[in-house]
Amino acid sequence: MAITRRELFVSIGKAGIPAAVALTVGAETLQAETIPIPSAAVGLLYDASICIGCKACVAACAEANDTPPDTRGDQLHQAPSDLNDLTRNVIKLYKPEDGSAFSYVKRQCMHCLDPACAAGCPFQALHKDPESGIVKWDSDKCIGCRYCTITCPYHVPRFQWMGFNPRVTKCELCSPRLEKGLQPGCTSVCPTGAVIFGPRTVLLSEAHSRIKKEPGRYYQGRVYGEKDNGGTQSLYLSRVAFEKLGLPELGPESVPARTLRWQRRLYQYFALPAVLYVSLVQVIRKSLKGHEQEAHEHEKETGLRAQL
Amino acid sequence: MSTATLDTQTGSRLLANAAASKPRWERAVPVYGFPVVNRFFVALLAMTGLAFVLTGYRELAGLGPVSGMNDAYGWGIWKTFNVMVLTGLGSGAFAVGIAPWVFRRKRLHALMRMALLTSFLAYACGLLLLGIDAGRPWNFYWIVFPWKWNMHSPLAEVAICMSIYATIPLAIENIPPVLERLWYFDSRLRPGVEKFERRLHYFFPWIIAAAYLLPGMHQSSLGALMLLAGERVHPLWQSPWLPLLYLGAASFMSFGCVAGATMLCCVMWKRAMDMEILDEAARITAWLIFGWLGLRLLDIVFRGALGTAFHADRFAGVFWLETFLIAGGGWMLWRSLRTHKTQTMFLGYVLSSLGGMIYRFSPTTLAFRPNPESLYFPTTIEILVSFGFICMGVAGFLLVVKRFGILPAPLQEWHNMAAYFRFRRPYIRWTGYFEHGFFSDDELEREQQLELTDSD
C-alpha cells in the first residue's frame, strides 16, 4: 500500500501551512537584512599609484606580529611571493608583457563588512569585531578545517601546514598595537603614505577627494571596497584595473548574502526543519504500526521471531 | 530434546513453497559457514593498521609533510573523497530508508539493514577522517555548546549534523540486529531484550524521523559548502541548486551502493536474489537518475553555462564523463527491468554510482580552479590513509554480516543456517540459532545420532 492521496493532502496541509508561514516571516526579516557598518569601523586606504614597492610594510608587518621573516625564497631576503603562513601582508608587482602601465599592489585582509570567511567558519573562530569591524581569528575556536581558505574571495587566510598546532594567519590590523594607541605595522613605516590607517568614513572621504583632485588618474574613478563585495574596510585606489591586481569584480552584494540566501532562508529560526520533522514523525508512526503488524503476522506464520 | 518451535507440517509447507515459487527475501540471515578471518580480511586489517600508524605521524608532523594540500587547494581527498563522496555513497539509511518508511515502498524493508549498516560504516569512517583532517581537532569540543555554533555556516551544519546523526539516530537504528543477536544468544537475556525493544519501538518514529531530517540537511549542506567559493568552481558545477543536486546524487548513489552491495553479497555467498525487490529498487533508482539528470541539465541551460561543456578542456571532459556514466547507468537499470538480467542491473548500479561519485568529487577538486598555477595531487600517505579507512569500513562490514542478521535471504536460508549450527557445527552452540528453525522430518533421529556421537 503506497501513500494514499487523502493522506498525502492531509500531510501536505499539516506540514505546508506552518511552513508557508515560517517562510514568509523568514523572507521579510531577510529582506530587511542590511549589512551593518560597525560603529567604529577602521581600515586601510592603499593608493597603488603612490606605492614605490619598497616592502618596508612587509618587514614591519612581520615584526609587529612577532613572526620570523620569511626568507625561504633565497635564504637571505624577506621576499615572499604571496601571502603565506608567515606573511600577513605582501607587496606584489603587476607588470604586463606589452609594456603598458605597471603597478604594485599590497595584499592583506580586506576586512569585509560581510566576511565570507566568518560566514563559513563553523564555530566563529573567525569573527568580525562588532565595534572596530576587524576580522579576527580566535585560536580557541578554530578546528583547522581550512574552509576560510576556500571561501575568502580574495584568498587571504592561510593555513600553517607544518607542525601539530597549526594556526590560521591573516591580517588582524595589528589589534594589539591599536589597543596601545599605535598604528598598524604597515602604515607606521610607509615612506610615501601609500597606505594609511584611519576610520573607514575618513578614509573614504580622503579617497574621494584624491579622485576629485585628479580626475582620470584612477581606474574608473572609484574606490575599490566602497561597495564591492558588500563593502570592505580595506580600500584601494589604483591606476590599473583592479582585476589585474587580484581584486576581483564581485558586484555590490557580498558573497555570503549572494550565495547563502536560500540556505539562510531555509534554516531561519530552524522553523522549516522543525515543521518537517513533526510531519515526518506523523507519517512514520503510521508506517511503523503497519510494519509491526505485518512483522507479527509473519512471525505467527513462520514461527520465527519477528525482525523489524 | 527437540526445541524446534515449528510443527513439521507447517515446516514442510514452507519448504515446498520456497522450492516452487521464485525466491523471496523474507528474513535477514547471518552469513554462515564462512570464517570471518581469511586472507582478504587480514589484508584489510593490515591496511587499516597502516592507516592508523600514518595518522599518528600526521598528528605529529602536521598536514604539510603528509599531504599534497596547499594554500590554493586547502582541502584534500580526506575531506573531498572520504567525506563528501563516501558519505554520499553511504546515504542508504536516508534514501533507501525513506522509501519504505515515508513513501510506503514496503518491499524495500528487506534492504533496510544493509542500508543502515553501510551508512553507519561510511559515516563512522568519514567522521574519523574529518577529525584527522582537521588541523586543530581538540577544538571540536565546541560542538556541545549550541550557542557557539555559526548557524548559517554550511560547514558547521555538516560537522554538527553529521556527528549527531551518526552517533544518535543512525546508531540507534542499527541496534535491532544487535538485540536480535542477544535474544538468540542466551535465553536468560530475553526478558531484558524484549523490554528494551518495546521501549525502543515506542521512540522509533522520533528517531527514524531524525534519521531522515538530519541527512537531508547535511547532505544538501555538503553541496552548499562550495557555494561560498563562487567563481572558483567551474560554471558547469557552480549553481544555486548545488545543495539539491548533491542530495539527489546521494540518493541514487546510495541506492546503487545498497542494492549493488547486496547483489554482490548474494553472488559471493550463493544466496537467492529476490527479483521483485531488486526490480523495485532499480526502478526507483532509474527514476531518481532521470529526474536528477533533468534538473542538472535544466540548471545548466538556464544559467547559460551549456557553452562551456563544449570547450576542449578538462572540465568539459569531466562533465561528459560523469553525465555519460550516470545516464548510461540509469539506462542500464531501466533496461534490466525488461530483460531481467542481474548483470545489467549490477553494472547499471556501478556506473551510475561511479558517475555520482565523480559529480560529488568535482566541485571541490576536479572543477575547482583557485588559480591557474596551483595543482593538487594526493600524496602516497594521503591515499594510503584514505584507502585504509575504506578498508576499515569493508572489514567491519564483513565481520558484521557474518555475525548478525543483516543480509536478506529466503526463509529457507534461515532454516539451513539453524540446521548448520545444529548438525554440521554442533560445537558452535553459542550462536543460539541452532534451536530456532525447522530442520527436517527426520530431525529427531539425527538429533539422537548426534547425541550418540557426542557421548562417544
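The following exercises, each with a worked solution, concern a predicted model.

**Exercise 1. The sheet in chain A**

Determine the order of the strands in the open sheet of chain A, and state which strands lie at its edges and how the strands are paired.

*Solution.*

Step 1. The open sheet has three strands, in the order S8-S1-S9 of chain A.

Step 2. Strand S8 (195–199) and strand S9 (234–237) of chain A are the edge strands, since each pairs on one side only.

Step 3. Strands of a sheet pair through backbone hydrogen bonds, and the pairing may be parallel or antiparallel. Strand S1 (residues 42–47) of chain A runs antiparallel to S8(A), and five bridges join the two. In this pairing, A:Gly43 stands opposite A:Gly198.

Step 4. S1(A) and S9(A) run parallel and are joined by four bridges. Here A:Asp47 stands opposite A:Leu237.

Step 5. The pairing of the sheet is accordingly described as mixed. From one strand to the next, the twist averages 20°.

**Exercise 2. The surroundings of strand S9**

Describe which way the residues of S9(A) point, and identify the helix that lies across S1, S8 and S9 of chain A.

*Solution.*

Step 1. In a regular strand, side chains alternate between the two faces of the sheet.

Step 2. In S9(A), A:Ser234 and A:Tyr236 point one way, while A:Leu235 and A:Leu237 point the other way. All of these residues are buried.

Step 3. The helix lying across the three strands is H7 (residues 200–213) of chain A, which runs at about 20° to S1(A).

**Exercise 3. Two residues with positive phi**

For A:Asn229 and B:His340, state the location of each and decide whether each is buried or exposed.

*Solution.*

Step 1. A:Asn229 is not a glycine, yet its phi is positive, near 55°. The residue is found in the loop between H7 and S9 of chain A.

Step 2. A residue counts as buried if 20 or more other C-beta atoms lie within 10 Å of its own. A:Asn229 has 27 other C-beta atoms within 10 Å, and it is therefore buried.

Step 3. B:His340, likewise not a glycine, has a positive phi of about 55°. Its place is in the loop between helix H14 (314–339) and helix H15 (342–366) of chain B.

Step 4. A residue counts as exposed if that number is 12 or fewer. B:His340 has 11 other C-beta atoms within 10 Å, so it is exposed.

**Exercise 4. Two helix crossings in chain B**

Characterise the crossing of H10(B) with H11(B), and then that of H7(B) with H16(B).

*Solution.*

Step 1. The axes of H10 (residues 175–185) and H11 (residues 190–224) of chain B come within 9 Å and cross at roughly 160°. Because of this angle, H10(B) is roughly antiparallel to H11(B). The crossing of H10(B) and H11(B) is left-handed.

Step 2. Residues making the contact include B:Leu179 and B:Trp183 of H10(B), and B:Phe196 and B:Leu200 of H11(B). By class, the contact of H10(B) with H11(B) has seven nonpolar, no polar and two charged residues.

Step 3. The axes of H7 (residues 112–133) and H16 (residues 380–403) of chain B come within 9 Å and cross at roughly 150°. H7(B) is therefore roughly antiparallel to H16(B). The crossing of H7(B) and H16(B) is right-handed.

Step 4. Among the residues that meet are B:Leu121 and B:Cys125 in H7(B), and B:Gly393 and B:Phe397 in H16(B). By class, this contact of H7(B) with H16(B) has eleven nonpolar, three polar and no charged residues.

Methods:
Residues numbered from 1 in each chain as written. Chains lettered and ligands numbered in written order. Predicted model: local features only at pLDDT ≥ 70, side-chain atom pairs only at ≥ 80, totals over all residues. Pairing = 2+ DSSP bridges. Axes fitted to C-alpha atoms, helices over the stretch in contact; angles between N-to-C directions. Contact = placed C-beta atoms within 7 Å. Parallel < 35°, antiparallel > 145°, perpendicular 65-115°, else oblique. Left-handed = near helix turned anticlockwise from the far one by under 90°. Nonpolar A, V, L, I, M, F, W, Y, C, P; charged D, E, K, R; others polar.
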